Amino acid sequence: MLLLVLRRLLQTALILLGVAAITFLLLYALPADPARMIAGRSATAQTVANIRRELGLDQPFPVQFWTYLHGILQGNLGRSYAQKTDVGALIMARLPATLILMAAGIFVEVVLGLILGIIAALRRGGPVDRVVMMASFVGVSAPQFVVALLLLYVFAVTLGWFPMSGFGSAAHVVLPAATLGILGAGWYARMVRSAMIDVLNQDYVRTARAKGLSSARIVLRHALPNALLPIIAMIGIDIGQFMGGVVVVEAVYGWPGIGQLAWQAIQQVDIPIIMGVTLVSALAIVLGNLLADIIAPLIDPRIRAR
Amino acid sequence: MTMSAPTPILTVRNLCVDARTPEGRQRVLHDVSFDLISGETLCIAGESGSGKSVTSLSIMGLLPKASLQVASGTIRLGEKDLVALSNRAMRSVRGGDIAMVFQEPMTSLNPVMSIGAQLTEAIREHQGPEGGAAETIARQMLDAVHITEPVRRLTQYPHELSGGMRQRVMIAMALSCRPKVLIADEPTTALDVTVQAQILKLMRELKQEFGASIILITHDMGVVAQMADRVAVMQNGRIIEQGDALSIFENPKQPYTQELLAAVPRLGAHAGNDAPPRVSAITAPSVSVSPAPILQVRNLDVTYGSPVRRLFRGMLPAAAVSEVSFELRPGETLGLVGESGSGKSTTGKAVLGLIPFTGHVVIDGQNIAGLSARQMRPVRRSAQMIFQDPYASLDPRMAVGAAIAEPLVIHGLGDRSERDDRVAELLRHVGLQPDAATRYPHEFSGGQRQRICIARALALQPKLIVADESVAALDVSVRARVLDLMLELQETMGLAYLFISHDMAVVERMSHNVAVMRGGRIVEMGTRRAVFENPQDDYTKALMAAVPIPDPRARHIA
């Protein structure tokens with residue numbers, strides 16, 4: 001187990017290096033000129049050139065990249081062009097809000113997906129199954145901003161149950177988390193359904209029935225842990241999907257997380273912030289997968305043995 | 001009745017079960033009636049599709065609701081009619097009054113629950129003791145089924161146990177609530193013959209100890225003879241004959257029962273003969289002039305796990321086969337017997353160059369060691385393989401004719417019409433109508449599919465055929481006919497077979513020479529008379545002693 005974690009941490013470093021290189025190259029190739037953005041429309045060419053020199057943007061690409069890497073290795077993500085502050089501090093200030101949102105979103109999608117998936121599997125072929133599968137299809141297909149606006153209209157504007165936007169209380173989390181979760185829940189419902197149907201047909205489930213156990217015990221104690229194994233691997237991968245959704249949801253609900261930070265930075269071509277958020281996202285994805293790999297053997301003794 | 005009327009513990013009367021199909025209801029079980037007498041073992045014998053498993057699942061109330069349903073009849077256990085029982089009441093019967101052991105020990109235990117959790121769960125469900133008491137019973141049960149180190153086993157998981165041990169755990173689980181009736185559905189079919197003998201012996205002991213009555217469902221008449229007090233023979237969803245074991249075996253009334261018994265291969269049935277029985281009317285040219293061997297194997301070694309993977313995974317090199325040597329001449333059969341893991345299938349694959357090996361393998365004068373796939377091609381024409389599972393080894397989307405013609409196409413032999421003629425000829429050879437060529441595998445039974453596989457193997461006119469458990473998946477009556485076909489083809493075409501099987505009686509019937517494998521090595525090899533009539537190695541003797549003899553008077557698995 002320790003060996004696994006060590007090996008994965010080494011892999012993580014390599015992945016982050018790769019992500020940094022690719023993102024840096026892509027941003028470098030952008031037609032937008034950060035120096036011009038900072039200086040403003042009316043600035044003279046001289047001012048723009050000064051700013052460019054000040055930021056080191058006049059250097060050739062390899063030098064810029066090296067300088068940046070050098071910074072990262074010392075834990076320095078650079079300074080924001082627009083806000084003139086340390087990127088690391090900016091991200092750290094906003095990270096907790098995003099983590100809360102993600103945790104709530106994953107909770108919604110996993111719980112909703114599990115419940116719907118199990119019900120559909122137990123009632124497979126019946127009307128309940130069909131309704132759940134239709135709903136999950138809609139959930140998967142609907143664009144996130146549409147779901148967000150719909151939820152806002154129904155629950156915030158019409159019913160007034162939850163605040164429109166902002167951050168601070170538990171009520172604020174509900175709609176953004178639901179928006180994030182509904183999309184994923186459709187996926188999970190389908191995954192859980194097929195995994196459960198597969199497991200329910202296994203010989204050991206028949207054995208459990210032959211013991212005279214209750215249906216609830218058969219489903220929850222015998223079938224579910226086996227059906228969860230592929231789902232856990234999925235959650236690890238899913239964190240990456242989530243980061244994309246977070247940008248949209250934070251923008252719609254005015255959620256002060258790193259998604260919003262990234263959204264503003266993109267508009268301002270604030271390269272250090274974009275780089276920083278990308279690296280943090282990549283780190284989250286890798287850690288999510290690592291977490292899935294650590295949890296799986298806790299459930300499945302066959303993986304433990306290896 | 002006779003002296004004291006025996007009291008039935010379970011009474012099944014006029015049980016009918018319907019299957020729901022897209023074409024409407026279809027009856028799969030017709031008026032099944034039988035009694036299970038207290039303390040006896042009733043064997044329900046029959047081939048696949050006879051309805052024996054449907055009968056047992058009906059008693060347990062475990063029929064898959066979506067597809068099968070009890071249409072009429074009663075199943076009485078004491079005062080209760082199990083057919084009419086509510087789901088809730090049925091739960092206390094299942095596992096409490098009636099327990100069941102299934103065929104597949106490898107998949108019948110939950111892989112993510114410890115043995116202890118799975119054992120105590122049933123005990124708590126039916127007897128409700130708290131905490132330690134259930135654990136104590138679980139440990140005693142593991143003791144009762146002779147599992148060593150029961151305390152440690154309780155914390156282990158199914159994948160850490162062998163097939164035989166898992167089946168012992170299943171039996172322990174089934175008996176832990178002291179059921180009145182134990183239903184065992186093909187409990188030893190998936191096990192090696194020596195393990196089968198141990199499990200059968202265990203079931204006999206435990207029947208005494210726990211006072212349970214047993215319904216044993218099996219296709220194997222040898223097992224029936226060793227275990228049954230009474231026998232019910234099923235065919236096409238009906239019980240066609242029932243009676244005490246001796247009268248069924250010695251005086252079967254129904255033609256089907258007679259057929260079934262006649263088809264059972266008996267170990268020692270061919271004692272005194274050097275060669276398999278002749279089955280064709282044609283007097284084939286005698287091949288006993290000992291021509292050059294078609295297959296020579298010298299010092300064959302197969303090791304699993306590449307050196308690179310071993311280096312990274314820290315795996316030890318696992319020798320699957322070591323120092324195997326033998327020869328095979330045209331028109332002869334070498335039987336390769338052994339239990340699972342003995343290396344017999346690995347040897348078969350290595351001989352055809354399907355897996356990497358070291359040593360010498362000479363097919364028809366050509367050493368295939370180190371040949372590239374391209375260089376192997378001409379060799380493959382003379383050596384073909386027939387696999388175990390005729391259901392899995394035919395492409396369901398490919399017409400039978402196309403499947404048989406495929407080897408011809410691959411080797412660029414003949415044009416379309418020549419190939420069609422050849423396919424028709426091959427189908428006739430294996431006893432099928434030429435019009436089978438345009439149909440698809442799912443339209444054929446298991447035996448017919450295996451005939452198709454044989455036709456495909458024969459397409460290139462090979463001299464050597466490796467048959468790996470080629471009849472193991474077939475019912476006995478079908479198996480006998482496929483074996484006859486193989487013998488006939490050998491006589492007419494001078495084929496050499498490397499016949500791989502775990503079934504001693506089948507090997508005896510088919511082989512000129514026999515090699516017994518264990519742990520990757522040949523422990524004994526010789527003519528079939530030498531090996532079967534005068535076995536030298538202790539393992540060979542143990543294997544032969546474990547084979548159930550289909551004669552209730554000759555119970556030797558005590």
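The following questions and answers concern the chain contacts, nonpolar cores and one annotated span of a predicted model.

Reader: Which element gives the largest share of the side of chain B that touches chain A?

Author: In this interface, 23 residues of chain B are in contact with 19 residues of chain A. The elements of chain B that give two or more residues to its side are α2 (87–93), β6 (98–101) and α3 (115–127). The largest share, four residues, comes from α3(B).

Reader: How many residues of the side of chain B that touches chain A are charged?

Author: By class, this side of chain B has ten nonpolar and eight polar residues. The number of charged residues on it is five.

Reader: Where does the largest nonpolar core lie with respect to domain 1 and domain 2 of chain B?

Author: The largest nonpolar core has 159 residues, and Leu182(B) and Leu498(B) have the most contacts inside it. Because domain 1 (8–263) and domain 2 (295–545) of chain B both give residues to this core, it lies between them.

Reader: Which residues does Leu498(B) touch, not counting residues up to four places away in sequence?

Author: Leu498(B) is one of the residues with the most contacts inside the largest nonpolar core. With residues up to four places away in sequence not counted, Leu498(B) touches Leu295(B), Leu328(B), Leu334(B), Leu336(B), Gly348(B), Val351(B), Leu464(B) and Val466(B).

Reader: How far apart do the end C-alpha atoms of residues 95–296 of chain A lie?

Author: Residues 95–296 of chain A are covered by the annotation "domain: ABC transmembrane type-1", which comes from an unreviewed UniProt entry. The span is 85% helix and 0% strand. Its end C-alpha atoms are separated by 27 Å.

Methods. Residues numbered from 1 in each chain as written. Chains lettered and ligands numbered in written order. Predicted model: local features only at pLDDT ≥ 70, side-chain atom pairs only at ≥ 80, totals over all residues. Contact = placed C-beta atoms within 7 Å. Nonpolar A, V, L, I, M, F, W, Y, C, P; charged D, E, K, R; others polar. Core = buried A, V, L, I, M, F, W, Y, C linked by C-beta atoms within 7 Å. Buried ≥ 20, exposed ≤ 12 C-beta atoms within 10 Å, placed from the backbone. Domains from an automatic or database assignment. UniProt positions renumbered as here; feature names shortened; annotations may be inferred.
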